[in-house]
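Welcome! Open the sequence and the model side by side and work through the exercises below at your own pace. Each one sets a task and then walks through a solution.

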Amino acid sequence: MKFALDEQQRDFAASIDAALSAADLPGVIRAWSAGDTAPGRKVWGQLADLGVTALAVPEKFDGIGADPIDLVVALERLGRWCVPGPVAESIAVAPVLLASDAQADRCAALASGELIATVAMPPQAPRAVDAETAGVVLLVTDEGVSEAAPRDWHESVDPSRPLYDVTATGQAWQADRERAYEFGALATAAQLVGAAEALLRDTVEYAKQRSQFGRVIGSYQAIKHKLADVHIAIELARPLLYGAALSLDARDVSAAKAAASEAGLLAARSALQTHGAIGFTQEHDLSLWLLRVQALRSAWGTPEAHRRRVLEALS
């Protein structure tokens with residue numbers, strides 16, 4: 001069976017690309033890292049206008065109630081453009097945790113983009129991303145889901161993803177925690193695939209321009225093979241990603257997250273090796289994607305943790 005996105009899904013991805021390509025994301029990311037979230041919130045507003053923030057919100061709460069495939073289509077593009085903020089948490093996880101009549105107003109606010117949420121779910125996601133920025137912080141434990149308040153700040157490898165310890169501040173309610181976790185891991189995997197694709201495209205363009213020993217470096221077989229390996233890793237991860245979106249099975253989600261993590265890491269390494277040390281300087285935009293990949297690899301479960309889940313499911 002050959003799986004392919006339909007025309008509507010491709011158009012949806014193209015509309016996201018069109019909006020984000022005009023948004024100066026490198027500048028937005030740097031502003032977010034410095035504490036100025038206004039440009040980033042404008043980007044989130046554009047995503048809301050496109051329906052991205054409403055995808056996982058049920059229709060009865062003014063959302064779209066879209067298929068997980070559509071969610072993956074959108075999250076892959078957001079990873080491609082390195083959108084700052086609690087992307088997986090607010091767009092994919094919070095709608096699952098807030099899907100009840102008692103939380104109807106918050107669900108509607110998520111769908112409209114008026115509310116940005118973040119989530120901590122120990123031990124898989126022990127700290128909340130952007131807890132000081134988000135309008136609501138959720139803590140998921142064995143007792144259920146509760147509102148939480150940020151405590152200690154922890155520096156992230158990606159300055160645009162500050163991490164916070166959080167403490168519950170209210171009574172817990174019940175929600176589908178298992179499904180929420182699968183959505184978090186799936187959304188993170190989608191962002192990693194998108195980021196890997198961005199790194200590959202940027203590196204290919206750079207290899208066509210940079211010369212060494214009188215030849216563009218893209219003409220050397222070693223560079224061609226390196227970039228081909230990245231392309232293969234991405235194309236191996238993407239079917240696993242969309243297969244996991246179809247099944248939402250824990251084994252499939254973990255296989256997708258592990259493969260996406262490896263594709264992201266290989267893309268980051270190849271990009272840095274091709275660009276040289278300049279690619280990791282703060283002034284070069286490539287560094288933003290390199291750091292994002294490193295942060296997302298461990299978000300919602302490390303590659304090692306997800307490989308263990310796959311092994312346990314197979315044994």
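**Exercise 1. Decide whether Cys82 is buried or exposed, and describe where Cys82 sits.**

Keep in mind that this is a predicted model.

Step 1. Start with accessibility. Cys82 has a relative accessible area of 1%. The cut-off for buried is under 20%, so Cys82 counts as buried.

Step 2. Now find its place in the chain. Cys82 belongs to the loop between α4 (68-81) and α5.

Step 3. Look at the backbone. The phi angle of Cys82 is positive, about 60 degrees, although Cys82 is not a glycine.

Step 4. Compare this with Asp24. Asp24 is another residue other than glycine with a positive phi, in this case near 50 degrees. Asp24 is found in the loop between α1 (7-21) and α2 (25-33).

**Exercise 2. Find which residues Val83 touches, and place Val83 in the nonpolar core.**

Step 1. List the contacts, leaving out residues up to four places away in sequence. Val83 touches Leu20, Leu25, Val43, Trp44, Leu47, Leu78 and Arg292.

Step 2. Turn to the largest nonpolar core, which has 93 residues. Val83 is among those with the most contacts inside this core, as are Leu20, Val52, Leu78, Leu138, Leu199 and Trp300.

Step 3. Ask which helix gives the most to this core. The solution is α7 (residues 177-209), with 16 residues.

Step 4. Look for a separate group. Another core, of eight residues, lies apart from the largest one, and includes Ala128, Ala131, Leu139 and Val166.

**Exercise 3. Work out which residues of α6 are buried and what they pack against.**

Step 1. Pick out the buried positions. In α6, these are Cys107, Ala109, Leu110 and Ala111.

Step 2. Follow their neighbours. The buried residues of α6 pack against α5 and β1.

Step 3. Look at what comes after the helix. Gly113 follows α6 and has a positive phi, near 85 degrees.

Step 4. Look at the loop that comes before α6. Gln103 is found in the loop between α5 (87-97) and α6 (104-112). Gln103 counts as buried because its relative accessibility is 12%, and the cut-off is under 20%. Leaving out residues up to four places away in sequence, Gln103 touches Leu98 and Trp173.

**Exercise 4. Describe the empty spaces in the model: how many cavities of 30 Å³ or more are there, and what lines the largest pocket?**

Step 1. Recall the idea behind the search. Rolling a probe the size of a water molecule over the atoms shows where empty space is left.

Step 2. Count the cavities. There is one cavity of 30 Å³ or more, and the largest cavity holds about 30 Å³ of space.

Step 3. Read the lining of the largest cavity. It is made of Trp44, Thr53, Ser90, Ile91, Leu110, Gly113 and Leu115. By class, four of these residues are nonpolar, three are polar and none is charged.

Step 4. Move to the largest pocket, with about 350 Å³ of space. Of its 18 lining residues, Pro126, Leu163, Ser298, Ala299 and Trp300 are the closest to its centre. The lining divides into 10 nonpolar, five polar and three charged residues.

**Exercise 5. Place His154 and say what His154 touches.**

Step 1. Locate the residue. His154 lies in strand β4 (residues 144-154).

Step 2. Judge its exposure. His154 is partly exposed because its relative accessible area is 22%, and partly exposed runs between 20% and 50%.

Step 3. List its contacts, again leaving out residues up to four places away in sequence. His154 touches Arg127, Pro162, Leu163 and Asp165.

Step 4. Check one pair in detail. His154 and Arg127 are 27 residues apart in sequence, and their C-alpha atoms are 8.8 Å apart in space.

**Exercise 6. Find what UniProt lists for residues 7-106 and 182-314, and describe both spans.**

Step 1. Take residues 7-106. The unreviewed UniProt entry lists them as "domain: Acyl-CoA dehydrogenase/oxidase N-terminal". In the model this span is 65% helix and 0% strand, with its end C-alpha atoms 32 Å apart.

Step 2. Take residues 182-314. The unreviewed UniProt entry lists them as "domain: Acyl-CoA dehydrogenase/oxidase C-terminal". This span is 80% helix and 3% strand, and its end C-alpha atoms lie 18 Å apart.

**Exercise 7. Find where the cis peptide bond at Pro123 lies.**

Step 1. Identify the bond. The peptide bond from Pro122 to Pro123 is cis, with omega near 0 degrees.

Step 2. Place it in the chain. Pro123 is found in the loop between β1 (117-120) and β2 (128-129).

How values were computed: Residues numbered from 1 in each chain as written. Predicted model: local features only at pLDDT ≥ 70, side-chain atom pairs only at ≥ 80, totals over all residues. Heavy atoms only, no water. UniProt positions renumbered as here; feature names shortened; annotations may be inferred. Helix = DSSP H or I, 4+ residues; strand = E, 2+ residues; numbered from the N terminus. Core = buried A, V, L, I, M, F, W, Y, C linked by side-chain atoms within 4.5 Å. Buried < 20%, exposed > 50% of the residue type's maximum accessible area, 1.4 Å probe, protein only. Contact = heavy atoms within 4.5 Å. 1 Å grid on protein atoms, 1.4 Å probe; cavity = no way out; pocket = protein on both sides within 12 Å on 5 of 7 lines; lining within 4 Å. Points joined across faces, edges and corners; volume = space filled by probe spheres on them. Nonpolar A, V, L, I, M, F, W, Y, C, P; charged D, E, K, R; others polar.
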